[in-house]
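User: Please take a close look at one part of this model. Then lead me outward from there, in short steps.

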Amino acid sequence: MTTTLPAYDEVVARYEPVIGLETHVELGTNTKMFCGCPTDFGGAPNTRVCPVCLGLPGSLPVANRAAVEATIRIGLALNCSIAQWCRFARKNYYYPDMPKNYQISQYDEPLCVDGYLDVEVNGEPVRISIERVHMEEDTGKTLHVGGATGRIHGATESLVDYNRAGIPLVEIVTKPIPGAGAMAPEVARAYVTELRDVLRSLGVSDVRMEEGSLRCDVNTSLNLPGEQWGTRTETKNVNSLRSVERAVRSEMIRQASVLAAGGRITQETRHFHEDTGDTTSGRSKETATDYRYFPEPDLVPIAPDPTWVAELKAALPELPRLHRRRLQQEWGLSDLDMQSILNAGAVELIEATIAAGTTPTAARKWWLGELSRRANETGAELADIGATPEQVAELQGLVDAGKLTDKLARTVLEHVVAGEGSPAKIMADRNLEVVSDTGALTAAVDEAIAANPAIADKVRGGKVAAAGALVGAVMKTTRGQADAKTVRELILERLGVQG
Amino acid sequence: MAAISREEVAHLARLSRLAVTEEELATLAGQLDVILQAVAQVGEVTAADIPPTSHSVPLTNVLRDDVVASCLTPEEALSGAPDAAEQRFRVPRILDEDVAS
């Protein structure tokens, strides 16, 4: 297709988008959903398997209490009702990523239903309705061999590792979100960001999108104002927060281009490509959804004791939104300042830096200043920049103790980011400490005065501003490692002038 | 009217990855029809006050503590596999097939 894509502004001027998000979260339990195999990453192929997760005849699954509890806590944090009684269901499909030829999931009786999550988009509150939160199991990993690039097309055979088969998964599904208009991509991103923060605060998952412990499918459709909702597509393989936003946007543009040309949208799965930012067609959904769900006979129903649910609810941690509001007050920040911290993804980093022993002002200065600048330059997430909150606190400690000037601290930070170790170590290794030895400083000052008699005379004569040149000379001999203010005071003192 | 059509049986066979001949299709459709008719007959006498039964035992909340148990060795795991390579189960190529989400 070589048609020119319409501009985003034209798309949203003409069409109204409806989006929906399905998020899969790998729970951080010790063991799998229905057997005692460990869930840790990195094992050699097929070393985390047993008769249950291999689907061997005669084996019986038993649900993991911790996984059920985590799902209930997620449901409660998302303001859902918890089912008094629900069942697991078999989702039947023949594909070797599940050795049983079915996946145990939940179908018409999810554990949690009808909730909501409040998010903020550009400072405006948006309530996202949650349809359901249910339990299921992850699938194994297939490796396609014989093809050119390890892709499924052209492969002659597949090799399967079942270490991940049976890992507890929770699926969180929103209700359709209409009315977001041009903001739809931002709303999608804000929702996934907030959901990730909620899940992290609950401690139920490590929620790393790049590693697949948080995965997102994005549903998108367009309709003309006043008309029925359009046919939706489901975009998979969306592996970062930024991609969530890009996937919605590019799919809106693509659909608008199809519709504008008089075409129809096919209900299908599309794959998002991180490199190009667009989506390509996957399988067609219409012929693929015959999963023949039925209640899982091998697992008895779950009927959470209301007392247990009440206890779990009472023990929920402070949720991110309230937490942020409290931090904003504690840090004494305006809405705008707080927003810039949020936009930079720096809340937790700043919080941890303060916890490591520095002031809110200093922590904010480093993360939003030098480190944000570097993150922008390299395109990295702030959290992955290479400096830890502890290191930033230590760096500020050295500044506070007068061992580093701000300028020297920035140099040290560069080496911290480069992975050279702690600020104190780098300061020592690279001999970057402020020259505070008065003897050495005085000698440098005297040298500067002797070398610039005319300037020295001016200063003596009352032209205090001329001392700047002498300060510069001293800074040069100390390779910038002296505190300019101290140097200035010392010069004036030696010249017998009041500062 | 038959409770299940030939096309539905063919569709189910395809979903189950069963290679069924035209002849078998006719036979199976007839047999499945008898079974479904019998079930439908039972359905007629079902009283409205009896809830559908999915489990034969009246149990709920059979849960397991989140404690690691022993696994099979890869050799044991692969011992029943028709084929294996690189410590993985080897299966025929998969093309254009459905994947659970």
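Analyst: **Helix H16 and beyond**

Right after H16(A) comes A:Gly496, and its phi is positive, near 70°. This is a predicted model: local features need pLDDT of at least 70, side-chain atom pairs count only at pLDDT 80 or more, and totals for chains, interfaces and linings use all residues. Residues are numbered from 1 along each chain as its sequence is written, while chains are lettered from A and ligands numbered from 1 in the order in which they are written.

Helix H16 of chain A spans residues 484-494. (Helices are DSSP runs of H or I, at least four residues; strands are runs of E, at least two; both are numbered from the N terminus.) Which residues of H16 are buried? They are A:Val487, A:Leu490 and A:Ile491. (Buried means 20 or more other C-beta atoms within 10 Å of the residue's own, with C-beta atoms placed from the backbone.) These residues cover an arc of only 100° around the axis, so they sit on the same side of H16(A). (The arc is that of the directions from the helix axis to the C-beta atoms.) Their cover includes helix H13 (438-451) and helix H15 (467-477) of chain A.

Now the cores. The largest nonpolar core has 83 residues. (Such a core joins buried Ala, Val, Leu, Ile, Met, Phe, Trp, Tyr and Cys residues through C-beta atoms within 7 Å.) Helix H3 (residues 184-202) of chain A gives this core its largest share, nine residues. A:Val218 is among the residues with the most contacts inside this core. Leaving out residues up to four places away in sequence, A:Val218 touches A:Ile19, A:Leu21, A:Ala188, A:Thr235, A:Val238, A:Val244, A:Ala247 and A:Val248. (Contact means C-beta atoms, placed from the backbone, within 7 Å.) Another core lies apart, with 43 residues, including A:Ala467 and A:Ala473.

Next, a helix pair. The axes of helix H8 (residues 347-355) and helix H10 (residues 389-400) of chain A come within 8 Å and cross at roughly 50°. (Axes are lines fitted to C-alpha atoms, for helices over the stretch in contact; angles run from 0 to 180 degrees between N-to-C directions.) H8(A) and H10(A) are therefore oblique to each other. (Under 35 degrees is roughly parallel, over 145 roughly antiparallel, 65 to 115 roughly perpendicular, and the rest oblique.) A:Leu349, A:Ala352 and A:Thr353 of H8(A) meet A:Pro389, A:Val392 and A:Ala393 of H10(A).

Last, the chains meet: 38 residues of chain B and 51 residues of chain A make the contact. On the side of chain B that touches chain A, S3(B) gives the most, with five residues.

Note on methods
A residue is buried if 20 or more other C-beta atoms lie within 10 Å of its own, exposed if 12 or fewer, and partly exposed in between; C-beta atoms are placed from the backbone. Two residues are in contact if their C-beta atoms, placed from the backbone, lie within 7 Å.
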